[in-house]
Amino acid sequence: MEFMSTICLFLVVILTYFLIVFLLKFLYSAQTKLPLPPGTMGWPYIGETFQLYSQNPNVFFASKVKKYGSIFKSHILGCPCVMISSPEEAKLVLVSKAHLFKPTFPASKERMLGKQAIFFQQGEYHTKLRKLVLTAFMPETIKNKILDIESIAVSLLQSWEGRLINTFQEMKTYTFNVALLFMFGRDEVLYREDLKRCYYILEKGYNSMPVNLPGTLFHKAMKARKDLAQILAKILKLRRQMKHDYSDLLGSLMDDEEGLDDEQIADNIIGVIFAARDTTASLITWILKFLAENPSVLHAVTEEQESIIKNKVERGEDRILSWADTKKMTITKRVIQESLRVASILSFTFREAVEDVEFNGYLIPKGWKVLPLFRNIHHCRDNFCDPEKFDPSRFEVAPKANAFMPFGSGTHSCPGNELAKLEILVLIHHLTTKFRWSLVGPQNDIQYEPFALPQNGLPIQLSLKR
Ligand code: HEM
């Protein structure tokens, strides 16, 4: 009898314990359950993809910001997502709480660029790669290559003289050749044509439907990706036989003490060229458009560039550009900054919540995509007055903290930003001091492929100044 009552007592204690634990958990979760950000999710699966891509994406984002404020939810490309459009919240995602938001890309794009490439990584492997990539693009390294960049710029400019050119296509050649110079040093000319052929096929498939069947653009792109890896394997083999020291990205990746394997090296070379080419080419295209449309700014830039030549001639120096000359290009640098702001080449980037995240009073559930909207931040009146106006002089004073992030922010910010600016300065120097150009055809529309680009790649007519 006594034994039975002890058992009963024991069961009551256990049950009471579990009941209390359950009640506490329930009360706690009821109290801490945060709402999702405001916004609409559209149709099942399709979400609001159609609304986003059937118009200028910025109109979609701007109307949402107006309706719901700086943070709102939506559903695009099959994924629930949260869009972020204030500088402070973007900084939280990209910098302060970066460990809670991993970079994310569609699987097909990862396969195409290479799974081991820097963009897709986090943690130790990312830190290691970033160090190696930064070594190849830090000011101390790039300043020694101005002469080579200049000779690429001059020879291309000569080939455009008197021609009607598609600015974006020609700038892609320029930025591709400069990128190869930084990947393989002066050896790059040996592989330029083969690599270029493969890259052009790869880019055509990059934004196509990921259907890997013979004949599709995607299939051709995957084949070109294999060919690229083979060319790189050949280059690696040659370099290992030569045993020289190389101050380029390939040299930096091969020098890693713990050793990267060939696949890791290839993924990163292919990925970095991809990141370097179209971004910089579309920015140069925008700069040429803005300069042509703003004669007073073009005049100021030309004067600044001519005074650099004049000073060199007066000092009896030859005309080759030096690192010190680029430091004197203050007005031209403001034009680059303002073009980065107005054009906002990368309208937004993608992250993914690695766990349920409490974010400024809202819940961002694990697995949801998070999109900091760079373009909205750059075009918001609270951050830049008269934001639609192209006015480089606004950069005479520093912009509001975190309101200007054309190269991203935090651990994944752009390691190539100094190179991008340098190659643009060199090209603008030769272009404004030697050439005139005029826009040809309608110029008002913007294409997204996926970077923002003037209509038809900006056809222009170039002629030598007499
Ligand atoms: C005007 C030209 C360029 C613009 C606007 C630009 C913009 C950006 C932005 C916004 C990011 C961050 C993306 C994110 O956080 O998800 C980024 C990352 C990156 N960019 Fe650039 N970029 C430019 C040129 C270049 C060049 C010339 C290179 C190569 C040298 C380069 C290499 C990279 C790499 C490797 C990353 C990934 C870094 C990482 O994940 O740690 N970019 N770029």
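**Exercise 1.** Find the residue that follows helix 16 and give the sign of its phi.

*Solution.* Step through to the end of helix 16: the residue that follows is Ser344. Its phi is positive, near 35 degrees. Keep in mind that this is a predicted model.

**Exercise 2.** Check whether the end-to-end distance of helix 16 agrees with its number of residues.

*Solution.* Start with the count: helix 16 covers residues 330–343, which is 14 residues. The expected span is 1.5 Å times one less than the number of residues, so at 1.5 Å a residue helix 16 should span 20 Å. Now compare: the end C-alpha atoms are 20 Å apart, which agrees.

**Exercise 3.** List the buried residues of helix 16, then name elements that cover them.

*Solution.* Taking under 20% relative accessible area as buried, you should find Thr332, Val335, Ile336, Glu338, Ser339, Leu340, Arg341, Val342 and Ala343. Their cover includes helix 13 (262–293), helix 14 (295–314), helix 17, helix 18 and strand 11 (452–454).

**Exercise 4.** Identify the protein donor to the iron atom of the ligand and locate it in the fold.

*Solution.* Look around the iron first: it has a single donor from the protein, SG of Cys414, 2.3 Å away. Then place that residue: Cys414 sits in the loop between helix 17 (374–378) and helix 18 (417–434).

**Exercise 5.** Describe the surroundings of Ser438 in strand 9.

*Solution.* Strand 9 spans residues 435–439. With a relative accessible area of 37%, Ser438 is partly exposed. Setting aside neighbours within four places in sequence, Ser438 is in contact with Pro459, Ile460 and Gln461. Finally, Ser463 is 25 residues from Ser438 along the chain, and their C-alpha atoms are separated by 9.0 Å.

Notes:
Residues numbered from 1 in each chain as written. Predicted model: local features only at pLDDT ≥ 70, side-chain atom pairs only at ≥ 80, totals over all residues. Heavy atoms only, no water. Donors = N, O, S within 2.8 Å, 3.2 Å for Na, K, Ca; no water. Helix = DSSP H or I, 4+ residues; strand = E, 2+ residues; numbered from the N terminus. Buried < 20%, exposed > 50% of the residue type's maximum accessible area, 1.4 Å probe, protein only. Contact = heavy atoms within 4.5 Å.
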